[in-house]
Amino acid sequence: MNTTPSATFRAGRLPEQTDDHFLGLHQAAPVATDAALLTEAMVSKAITRKAMICIHGHVGLGKTFAVNAACRKLAPDATVWLQFAQAPHMAQIRAALWDGLALPGPAPVNTTHICDEQIRQALAANFRLLLLDEVQHLGPTALEYLRDLWDRNSKSAKSLAIVLVGSGNTRQKILHRNALHSRVHRWQQFSPLTPAEILTVIPSYHRLWNGVEDEVLLWIDDCAGHGCFRTWANLTVILQDALDDDPNLTFSKDLVRWAFSQLDPTTRFPGQVGPDG
């Protein structure tokens, strides 16, 4: 199996589309859900208006996939993609911005005023779409720092758009920063796939689901999927691995029941029966 990265790593670079698929699922296809189409429209408005937008919702619903896809389409060379672990220090944030903007040498983190001025100048020199994922990990100081970067740019160069993406308490964190909250131009909250979307989206997502009866798809969603795209992706990986490992196996409800057993039992309803009992 080829494990060579799909492209040369660069700090701040958007992940490749294949990297967005859960566990690198082979032959998974991007699907244009209503939420993903809205995300693309939101990112387009952020670029046009040089605005800040926020996209939030529970984990596993496809936020990051949709945002990355929109940025690849609309601003592939201008996007600076940043993601931080829990409670990053400001030195980490400055260094990530410095590297993402391809500024020369290491970030002068011991002289923050010089570092900040260089970052502001780089943001003013050319249009940038600053994409921050996992915003729920950012603290008040980091959020205010982002607001200040956008504020200063909006009063002069008008060359910066910011997309904030996060789960958990992302909206609450921004809401508690009144100055930042008042500057967010548009909001999108991701929700689980509806039953109607399951029937249209999942068969297009992967060949494993081609031809599977609607009743079976809805049964799977009731038992385990719950409209969560990542759970559906995980089930697809489990089933595809089983079929690849044993050529004598075929897709069946019994195989799906076995796949359910591989999931955390607190996230599924094993007692539910399928449409044929």
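**View A. Polar contact of the Gln 136 side chain.** The side chain of Gln 136 reaches the backbone nitrogen of Ser 167 at 3.0 Å, a polar contact (N or O atoms within 3.5 Å; within protein, one must be able to donate a hydrogen and the other to accept it, and residues adjacent in sequence count only if both atoms are side-chain atoms). The model is predicted, with pLDDT of at least 70 needed for local features and 80 or more for side-chain atom pairs, while totals for chains, interfaces and linings use all residues. Residues are numbered from 1 along each chain as its sequence is written, and side-chain values use heavy atoms, without hydrogens and water.

**View B. Surroundings of Gln 136.** Gln 136 is located in the loop joining β3 (128-133) to α6 (140-154); helices (H or I, at least four residues) and strands (E, at least two) are DSSP runs, numbered from the N terminus. Because its relative accessibility is 11%, Gln 136 counts as buried (under 20% relative accessible area, 1.4 Å probe, protein chains only). Beyond its neighbours within four places in sequence, Gln 136 is in contact (heavy atoms within 4.5 Å) with Gly 166, Ser 167, Asn 169, Thr 170 and Lys 173.

**View C. Helix α6.** The end C-alpha atoms of α6 are 21 Å apart, in agreement with the 21 Å expected for 15 residues at 1.5 Å a residue (1.5 Å times one less than the number of residues). Buried residues of α6 include Leu 143, Tyr 145, Trp 150 and Asp 151.

**View D. Thr 236 in helix α11.** Thr 236 belongs to α11 (residues 229-245) and, at 0% relative accessibility, counts as buried. A polar atom of the Thr 236 side chain lies 2.7 Å from the backbone oxygen of Trp 232. Not counting residues up to four places away in sequence, Thr 236 touches Leu 25, Tyr 205, His 206, Leu 208 and Trp 209.

Note on methods
Buried means under 20% relative accessible area, exposed over 50%, partly exposed in between (1.4 Å probe, protein chains only).
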